[in-house]
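Biologist: I'd like to learn how to read contacts between and within chains. Could you walk me through a case?

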Amino acid sequence: MKAGSNLEKILSKGLFAVTGELGPPKGNDISVIKRKADLLRGVVDAVNVTDNQTAIVRMSSIAASHFLIQMGLEPVMQMTTRDRNRIAIQSDIFGATALGIKNMLCLTGDHHTFGNQVDAKNVHDLDSLQLIDCVRTMRDQKTLMGGEEKIEGEIKLFIGAAENPFGDPFEFRAIRLAKKAAAGVDFVQTQCIYDMNRFKEWMKMVRDRGVHEKCHILAGVTPLKSGGMARYMAKNVSGITIPDEIIDRIVKAKKPAEEGIRLCVEQIQELKEIDGVHGVHIMAIEWEQMVSRITEMAGLSPRPALE
Amino acid sequence: MIKAEQKPIDEILKYLEPYNKILLAGCGACVTVCHAGGEKEVSLFASTLRMARQKIGKSLEVIETTPTRQCEPEFALELSERVANVEAVVSLSCGVGVQTVVRHFPKTPVFPGVNTTFLGETMDHGVWEERCQACGNCVLEKTGGICPIARCAKQLFNGPCGGSSKGKCEIKRETDCAWQLIYDRLKALGQLHKMEEIIPAKRWGVESRDSGPRRIVREDLKV
């Protein structure tokens, strides 16, 4: 075991993993975390805690992850390279692991001009690949980045990353995942999938390179709440493609939210059958109450309780 | 070359409120090429300043000059006599030229007349784009001759982020994704293997300006 997290145990036993997502409050109101935690407890194996997603200022991922542990859930602490240089990154990793955080997702982060602090100076001292390399060095070499300096204590982290099979250039997307695997990533969560054909094509390229044997791939899904949301995401979110037939299905449905849940369950069932997909990452944005229904309908409930 | 844009006239007028006689100094190099501070712009800018001050009944005498370059001591020193006869200088040179003039004339206030924006190339008449951030250790060999430090909004070293869509950057739709350009170029050159290599973290603290202003000393050129 590299970190001994619940997520690592599930995946290394060959079980199909389920992760969820939680956005910390835009302030210090812990009741927001508690409300979302209550909806996800026992429903997923681990919960991603976002790091100022879309560059909107929120409670730090480390602090929110710490509260989740106290509430009996396992966090996947997200960390972006947007806001921290390598000094802050390594210092935060010391703090996070001391607080009991065992999973970390290495991200570049959404550009700060999408958020509410557009005048900020962005950092990008490292990119996400270099961050993976940094964490792996801290864990396996037990030294700081680029140095011989020994770390006091042990950094036990199960290292994750994101990948977007729907970004361009498409032919490079599998190569990029291979680079992340070479840098030392243990698991990968993908951008939300609607274009199943493209995802399958990407998975084939991933398998051809043998990358699915080097890291665990969790397929990302986001249930669509309404036709408006489907249209908005298809039009405005770069790197997300939603086929017209899916938009039509939600738009024409009598109860679009119900249809969105049904679609999400069908997607999970289809993803489960793809060789190399070891789990699913459910990103129910401000719709956490639906996650338990989705996992039940998809036959992913109850979650295994491992020692 | 260095690219610059003129500051708003109101900002300059505010700097010049206490003065009645100034030197407006252009530069014959980069800012001439990008039409921000050459002889022609000096002439236009001088007229605008004079008219604006006349309008409020507080006339301003503006001496015009455009040395070959402001960033070389010998050209800056050519301004000595003219600087001695004015209360302040407005420089339409880049930030380098402004500071060369500042260094040589310790007793005269010197104000910037342009915003120095970037090191870039000419794309079309009146269109310039950033190409280099003078990072101190050129990576163009690894990236097919296209710079991800200057041209990727996240300065990524190992391929495009998830926001690269149909060749464009998600941050500004008119901007080409630098990593799409790199991919296309390396593919055309049969060098895609270069994109499979992990480029390690850059030594910003040693190579770039993060350890303060950089300095080049060439012993062979010293006299």
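Modeller: Sure, let's start with the interface. Chain B and chain A bury about 2,400 Å² between them, and carbon and sulfur atoms give 51% of that area. Keep in mind that this is a predicted model.

Biologist: How many residues does each chain bring to the contact?

Modeller: Chain B brings 30 residues and chain A brings 31 residues.

Biologist: And how many salt bridges are there between chain B and chain A?

Modeller: The idea is to look for a side-chain nitrogen of Lys or Arg within 4 Å of a carboxyl oxygen of Asp or Glu. Between chain B and chain A the count is one salt bridge. It pairs A:R209 with B:E196, at 3.2 Å from N to O. Polar contacts add to the picture, with 17 residue pairs across the interface of chain B and chain A, both residues at pLDDT 80 or more.

Biologist: Which elements of chain B supply at least two residues each to the side that touches chain A?

Modeller: Those are β8 (164–165) and α8 (178–188) of chain B. The biggest giver is α8(B), with three residues. Sorted by class, that side of chain B has 13 nonpolar, nine polar and eight charged residues.

Biologist: Let's go inside a chain. How many salt bridges does a search of the whole structure find?

Modeller: Over all chains, 37 salt bridges turn up. When you read one, check the distance, then where the partners sit in the sequence, then how accessible they are. Take A:D133 and A:R136, whose side chains meet at 2.5 Å, N to O. Both lie in helix α5 (residues 128–141) of chain A, three residues apart, which is about one turn of the helix.

Biologist: Why does A:D133 count as partly exposed?

Modeller: Because its relative accessibility is 30%, and the partly exposed class runs between 20% and 50%.

Biologist: What about a pair that links distant parts of the chain?

Modeller: Try A:D168 and A:R198, with their closest N and O atoms 3.5 Å apart in a salt bridge. A:D168 sits in the loop between β5 (158–163) and α6 (170–183) of chain A, while A:R198 is in helix α7 (residues 196–208) of chain A, 30 residues apart. A:D168 is buried, with a relative accessible area of 13%, and A:R198 is buried too, at 16%.

Biologist: Where do A:R249 and A:E259 lie?

Modeller: Their side chains form a salt bridge at 2.8 Å, N to O. A:R249 lies in helix α9 (residues 244–252) and A:E259 in helix α10 (residues 256–272) of chain A, so the pair ties together parts that are 10 residues apart in sequence. A:R249 is partly exposed at 25% relative accessible area, whereas A:E259, at 14%, counts as buried. Salt bridges can share partners as well: A:K2, A:R139, A:D140 and A:D186 are joined into one network that way.

Biologist: Last topic, the cysteines. How many disulfides are there over all chains?

Modeller: A disulfide is a covalent bond between the sulfur atoms of two cysteines. Here the count is zero over all chains.

Biologist: Why is there no bond between A:C264 and A:C192?

Modeller: Because A:C192 holds the closest cysteine sulfur to that of A:C264, and at 9.8 Å it is too far for a bond; the cut-off is 2.5 Å. A:C264 is buried, at 0% relative accessibility. In chain B, the sulfur of B:C169 is 6.8 Å from its closest cysteine sulfur, in B:C177, so that pair is also too far for a bond. B:C169 is buried, with a relative accessible area of 16%.

Note on methods. Residues are numbered from 1 along each chain as its sequence is written. Chains are lettered from A and ligands numbered from 1 in the order in which they are written. This is a predicted model: local features need pLDDT of at least 70, side-chain atom pairs count only at pLDDT 80 or more; totals for chains, interfaces and linings use all residues. Side-chain values use heavy atoms; hydrogens and water are left out. Contact means heavy atoms within 4.5 Å. Buried area is the accessible area (1.4 Å probe) that two parts lose on being put together, summed over both. A polar contact is a pair of N or O atoms within 3.5 Å; within protein, one must be able to donate a hydrogen and the other to accept it, and residues adjacent in sequence count only if both atoms are side-chain atoms. Helices (H or I, at least four residues) and strands (E, at least two) are DSSP runs, numbered from the N terminus. Ala, Val, Leu, Ile, Met, Phe, Trp, Tyr, Cys and Pro count as nonpolar, Asp, Glu, Lys and Arg as charged, and the others, Gly among them, as polar. Buried means under 20% relative accessible area, exposed over 50%, partly exposed in between (1.4 Å probe, protein chains only).
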